[in-house]
Structure formats: structure tokens, C-alpha cells
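Hi,

Here is the structure I promised to pass on. Have a look at it first, and my notes follow underneath.

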Amino acid sequence: MAFERPPRPVPWFVGMLLLASAGLGATAAGDGAIVGIMIAAGCAFVLGQRQRPAPAPIFGPFKRRASDWQKIASNVAVLHRDELPERTRRDLAAAQTFLETLRGQIEGVQQDVAVGVTAVVTQVEAINRLSIGQRERIGHSLAGVETMRDVLKVPGAIISQLGGMLAERDRTITENYAGLQSLAHEFQELRSALDVISQVADKAFFLAINASVEAHRHGEMGAAFGLIATEMRALATQTADGAREVSASINFFADRMQTQIVAALPTREGGHRDDVLNLVRDLERAQDDAATVSARLSELMQVMEAGHSEIVCTLSDMLGRLQFEDVTRQRLEQVGCALGELGKLAVCSYQGAGPSRSVADLLEEQQQNYVMESQRLVHARFASAGGPAASAAPKIELF
Amino acid sequence: MSKTILIVDDSPTMIMSLRATLEMNGFTVESASDGSQALAILQGGLRPHLIITDINMPNMGGLEFIRAARALPSCRFIPILTLTTESDQAKRDESRSLGATGWLVKPLSGPDLLGVIRQVLPAAA
């Protein structure tokens, strides 16, 4: 059976509720969709009780023009308790509970959002701490490498000096060795000269013997010649003996010099020198490695600094966006207060006392309580005939 | 040495997010939940380099706080920024006449806020 919608006007609180829901629904478009849907569902419930099964959903057109709502409000304002049907009175009796429930839901949403925002801020701070910690760890590593470089510089310089001294010593030894070899060569030549002297002495000795034989063969005539021959033989003998003694001395000295030369060979000293030079080269390599590591860490540090700055910038931006919570909280508080006032009016209507203020007064009061441009824009969209007024005030103004 | 900023706001989450933003950018932050508490902190000897205050707060609102703070000799030249959802031009004008340095409307991004702070505190981090 088709149910015709009764011609009587919709109760005033339903109209007001719809108006509040519409405003909240507009808020929900940006900040709290859940709340908007929830309140819209509440309105649907109330209207369903009131009108079921009405063919057209009355709450659906949130875009209903402001004049429509004003018409509804003016219709319900003339009603008195005695004129209300039983069903409407029951609805009025339940209205405050319903509205308080809605306020409670709004407060719940506010708390949930606050808890969520707090958790996000905590996470943001943790991310920032992690970034700072990472940067500090790399900074410590860099400081350690720099210290190692400084430490390596001191013994490195000493060993470099030592290496230079050893190289100079090696050069001197080489020169001395060459001098000794030259001296040995000179001795060798001297020995050759002594050999000649020895040979001459030997020849003189044999010549003196022959001279003595000849002198003896000539008798007295050869006596004087014999004396000379004797002297020659003695001289040759002495020369030969002297040459042998000098030769022996030269040989003895040459042997000792050879021993010294062998002992002074550069190859014998080269082992120690090479060890030291290897140590110097190792230290130089270690210094180079430390410098390379230091340079890489410095580059990494710069990257980390840039990354950290970017992280801080992003996190700062994120934290700024979290201010939506404060904006939403204040808007929801305003809607909650409006619902509370609406509930009081419903109670007055149910008790037949007649509300001290009209819905129009309440609406006007709402308008006075707005602090945000967004609130005024929504109000103008639904409750003012002139439409929303554009705001020219900048978000940032330094005086 | 980092600059000290006093935040005055009745919203704990606002204080929390502002504190995090400012501290991670090198500032030291003190906070108060309304104007009267902030005034007590200033009278207690705190000399912040900057004050950022909300307007609509319980006990003592932002405009009243600015008036009272400017009456303190030590706070006469401290920059005071308002950071509020309030968009009423009359209140904005009143804050200017009371000695506020600037008017910022929430929500304000972190980089925007830091940009303004660097403008009013040229040597800021």
C-alpha cells in the first residue's frame, strides 16, 4: 500500500539537525568524513522514523537551498506540545539523548584524531632522532679517521727522514766502496812494481855471482872487480829481501782491505735499508688509505647533512599539516556545542515550556561564534541567501 | 647558542607538533597552555627570543596576553606572532594595535612558519 507523506510540517529540530549535519558534512569533505557520514546517518535514522516509507530521501540533498531550511524552521516554530502527534513527542523526548550521543561521537572522533596526531608527532620525532644519530655516528667515524691520519703523520715523518738518512748513507758507502776498490787497484799496481824490483834484484844477484866468478878467474887483476861484485850481490840480496818484505806487507794490507771491502758491500746494508724503506712505503700507503677513507666519509657526511636537512624539511612540513587537527577540533567543538543547544531546545519543546530562543536565534548565535573563514563559508552556503563572502585576509601577515 | 621560543596554545597536540618542528630546526622551546601561564613564565624571568601565541584560549586569551606581555619592560621588544584559526579582521587589527609582530592563520606549513621566524629573527638557525 502506498504511503502518502503527511502534509504536516517537519519538526523544527529535524530541520536544525539537518542543518548542523549539512555543515558538518561540508567539514567532513576536508577533515572528518567519518563524522559527516555518521551524523548524516543519524539524520537518516530520525527522518526514517518520521517519514517512512517516504518516496524521496529528505536528507539526501545536503545541497538544499538555505531558503528551504528557513521555510522548514518557520513551519515548525508555530507548533505547540499539545498539537504534536504522539510519535513526534516521542521523537522529541529522545532527541536530546540522540544529540548528546552525537556529541559524544564527535568527542570520540576528536580524541581519536588527537591520539593519532600525537602518535604521528612521536614517530616524526623518532625519525628525526634516527637521522641525527646516523649523522653523529658518521661524524664520529670521520673524527676517528682524522685522528688516525694525524697519528700516522708523526711516525711517517720520522721514518721518512730516517729513510733519507739511510739513502744518504747508502750513497756514501757506495762511494767509499768505489774508493777502496780504486785503492786496491793501486796496491795491485804497486805489487807489480815490486815484482819488477824483485826480478831486477834477482838478475843483479845472478849478475853479481857471474861477476865474482869472472873476478876470481882473473886473479889479482880481478880482485877489485870481485869486491864490487860482492857488494852488488849483497845489494841485490838486500833489495830482494826488502821487496819481499814490502810485498808481504802489501799483501797483508790488501787482504785486510779486501775483508773491509767485502764487509762494506752495499748489498749487505741494503737488507736493513730495504726493510726501513718498505716500512716507510707501508706507512705512506696507510696514510693514503686513511686520506681516501676520510675523503669518502666527508662526502658521505655531506650527503648525510643534505639528507638530514631534507628530512627535517619534510618532517617540518608534515608537522605543519598536522595542525589540521587543531582546526578540526575547534570546528567539531562548535558543532558539538550547537548540538547541545539543539538538545536543550528539544527538551523545552517536549516539556511544553516553549524554547526561550528560536532556532533562528540559535542559528544567528552560531554565526557569531564562528572563528574560521571556513566556518563562515559553510554557513553562508547553507543558511545565508547572499552566498559565501570571499575573504581577502592573507594567511601570513607581518605588521 | 640556540634561540628560545615560547609557545602559548591550549591544544596539547599543537604544542607537541610546534615543539617538534622548532626543536628539529635548532630552537629551544618553552610552552604554556594559556596566556596567564605564559605571563607567569615571563614574570618568572624567561627571556625568549620569540613568542608564538594562539588567540582563543581559556583563562587568558591571546590578545589579553599580548597586552599584558607588552606591559612588561623585559618583553617590550620581543617579537610576538599569533598562530590561530581566528580570521576575524577586527581581532587581527586589535592584535596589531596591541603590539603583535605578525598574524598567522592555522594550518600553517612548517616551512612557512620557519620562513616567518627567520624573517622576524634574522640570526635564527
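In which sense do strand 4 of chain B and strand 5 of chain B pair, and over how many bridges? The two pair in the parallel sense, over four bridges. (Pairing needs at least two DSSP bridges between the strands; strands are DSSP runs of E with at least two residues, helices runs of H or I with at least four, numbered from the N terminus.) Within that pairing, L83(B) sits opposite L104(B) of strand 5 of chain B.

Some housekeeping: this is a predicted model, where local features need pLDDT of at least 70 and side-chain atom pairs count only at pLDDT 80 or more, while totals for chains, interfaces and linings use all residues. Residues are numbered from 1 along each chain as its sequence is written, chains are lettered from A and ligands numbered from 1 in the order in which they are written, and side-chain values use heavy atoms, leaving out hydrogens and water.

Now the wider sheet. It is open and mixed, with six strands in the order 1(A)-5(B)-4(B)-3(B)-1(B)-2(B). Its edges are strand 1 (396-398) of chain A and strand 2 (28-32) of chain B, each pairing on one side only. On average, neighbouring strands are turned by 20° against each other, direction ignored; axes are lines fitted to C-alpha atoms, for helices over the stretch in contact, and angles between N-to-C directions run from 0 to 180 degrees. Helix 4 (residues 89-98) of chain B packs on the sheet and touches strand 1 of chain A and strand 5 (102-105) of chain B, with its direction at about 145° to that of strand 5 of chain B. Contact here means heavy atoms within 4.5 Å.

Back to strand 4 of chain B: five of its five residues are buried, so the strand is largely enclosed by the rest of the structure. (Buried is under 20% relative accessible area, exposed over 50%, partly exposed in between, with a 1.4 Å probe and protein chains only.) I80(B), T82(B) and T84(B) point one way, L81(B) and L83(B) the other. In a regular strand, side chains alternate between the two faces of the sheet.

On its other pairing, strand 4 (residues 80-84) of chain B runs parallel to strand 3 (residues 50-53) of chain B, joined by three bridges. I51(B) faces I80(B) there, and T53(B) has T82(B) as its bridge partner. The chain gets from strand 3 to strand 4 of chain B through helix 3 (residues 62-71) of chain B, in a right-handed β-α-β crossover. (Right-handed: with the strands pointing away from the viewer, the path from the first strand over the helix to the second runs clockwise.)

Cheers
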